[in-house]
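I opened the notebook today to look up the spaces in this model and the surroundings of its ligand. Here is what I wrote down, entry by entry.

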Amino acid sequence: MKIAVAGTGYVGLVAGVCFAEIGHDVVCVDIDGAKVKKMKQGISPIHEEGLEELMKKNYAEGRVDYTTDYKTAYRDADAVFIGVGTPERPDGSADLAHIATVARQIAESIEKDCLVVVKSTVPVGTNDKVEQFIRDFLKNGVKFEVASNPEFLAQGTAVKDTLQAARIIIGTESKWAEELLIKIYEPFNIPIVSVSRRSAEMIKYASNDFLALKISYMNDIANLCELVGADIQDVAKGMSYDERIGAKFLNAGIGYGGSCFPKDTKALEYLAKQHGYELRTVKAAIDVNTAQKTMLYKKASRRLITFSGLKVAVLGLTFKPGTDDLREAPSLDNIPLLLEHGADIIAYDPVGSDHFAKLYPEGKNLNGTIKYVNCPLETLKDANVCFVFTEWSEVRSVKPADYKRLMRTPLVYDGRNIHTLTAMKEAGVEYHSIGR
Ligand code: UDX
């Protein structure tokens, strides 16, 4: 099958390369010429395990190519997958400008029957609008339809999540579209759930928001655990044996971040509001998460009175390990607060420091200073306090004795519960974590 993919971010690039890997003839389209040139050399614009290997292999074997020339790419494609971003607007709604641009380009380019597949996360009903939009701008009298095919990959495990997905959701409004999508996905050998377009769109939000809710619920319970003297990790373990609850996404912490959960919870709440409905559960998840992100900062502020002139070690900047993505990362809520209050920050992240330094360059910043180092232990030297924001393996490998040995005062606020209370106590570290 000849497949074109619009957008080479997490959704588009990974889908395109995986389609090539299972044997389709793929061309990935992006407006950024420099990015396209790099991708042809096998250099991925995103940090994702196993992706560059697949890019190089499939490019060398002629199954995937990259271009800015959308007209040629779309002209004779059997299917065009849209994987461009749908960023969050200030009011929580999804910005569909990129989708509209691509839809118009498709309408003006296709010269044979073509299935347009929306992979980007879009509010329920958007696919209907995209179909109408393409119809309005269609240049040649070819047959087309819009289908929904939401993406469930997580950053850091994107390739594995795509090649070995738990399920593939397809939302179509005709047998023609359904059969074509099944034909595209059959080689993956993964269960395919075929539903209507609107249900497919909703499955994506309902799944992501359910997981966000699960995390916020655990964070809420964690905060209560602290007040009543229970341990959230023991509580989670006890809960996990119940198959109805499951063992995954029970980790309490410093709040969920990333490009999906924060955006998708707000977008669904907004969609409900538009329809005169208040989605109270999702709203609660959002509220808990907002408070959770600065929970440790507030605790530390009470303990230390002021951060002014204090040396603050920060371990981890990205929203989770395995990615260089900073979107909605707890570090972005906490570091400006620390800097405003005069902290001198020494930060470590194995891949996220360069991105972070673009927002907060080394040197004087707000009322404090910030410096980036390449080793987690280096942050600790003479530090008055340490914050753990991301549970990278390099961060996990810092031993309780290292905090005691290297810090001026061994005071640690851990947003990821990476150490046991006993080990930290035995090492003589004052340790504050989540829900324990
Ligand atoms: C998520 C979904 O998992 C994926 O299916 C969807 O397509 C996109 O959104 P992603 O944002 O890449 O993927 O990361 P994920 O691993 O789900 O983590 C999201 C956030 O939740 C992170 O900030 C993580 O630290 C946090 N989290 C996750 C917890 O706080 N506790 C947990 O138990 C699990």
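**Entry 1: the cavity.** Before looking anything up, I fixed my terms: on a 1 Å grid over the protein atoms alone, a cavity is a set of points where a 1.4 Å probe fits but cannot get out. I also kept in mind that the model is predicted. How many cavities of 30 Å³ or more did I get by this rule? The count came to 1. For the largest cavity I noted a volume of about 60 Å³.

Next I looked up its lining. I found V118, S120, T121, V122, N127, S148, N149, P150, A200, E201, K204 and Y205 there. Which element gives the largest share of this lining? My note says α9, with 4 residues. Sorted by class, I have 5 nonpolar, 5 polar and 2 charged residues lining the largest cavity.

**Entry 2: the ligand.** I then turned to the ligand and found 18 residues around it, with F152, L153, Q155, N251 and G257 as the closest. Helix α9, residues 197-228, gives the most to this shell, namely 3 residues. I sorted the shell by class as well: 10 residues are nonpolar, 4 are polar and 4 are charged.

For polar contacts, I looked at oxygen atoms of the ligand. A polar backbone atom of Q155 is 2.6 Å from one such oxygen. K204, which I had already met in the lining of the largest cavity, has a polar side-chain atom 3.2 Å from a ligand oxygen. At L250 I again noted a polar backbone atom, here 3.4 Å from an oxygen of the ligand. How much of the ligand's accessible area does the protein cover? I have 89% of the 670 Å² that the ligand has on its own.

**Entry 3: the second largest pocket.** My last stop was the second largest pocket, which holds about 240 Å³ of space. I counted 14 lining residues, and P123, K129, Y270, L271 and Q274 lie nearest the centre of the pocket. Two elements give two or more residues to this lining: α6 (126-137) and α11 (261-274). The largest share, 4 residues, comes from α11. By class, I wrote down 7 nonpolar, 5 polar and 2 charged residues for the second largest pocket.

Where does this pocket lie with respect to domain 1 and domain 2? I placed the second largest pocket between them, because domain 1 (2-195) and domain 2 (204-292) both give residues to its lining.

Definitions and conventions:
Residues numbered from 1 in each chain as written. Predicted model: local features only at pLDDT ≥ 70, side-chain atom pairs only at ≥ 80, totals over all residues. Heavy atoms only, no water. Near = heavy atom within 4 Å. Polar contact = N/O pair within 3.5 Å; in protein donor to acceptor, adjacent residues only side chain to side chain. Areas by Shrake-Rupley, 256 points an atom, 1.4 Å probe, with all protein chains shown as cover. Nonpolar A, V, L, I, M, F, W, Y, C, P; charged D, E, K, R; others polar. 1 Å grid on protein atoms, 1.4 Å probe; cavity = no way out; pocket = protein on both sides within 12 Å on 5 of 7 lines; lining within 4 Å. Points joined across faces, edges and corners; volume = space filled by probe spheres on them. Domains from an automatic or database assignment.
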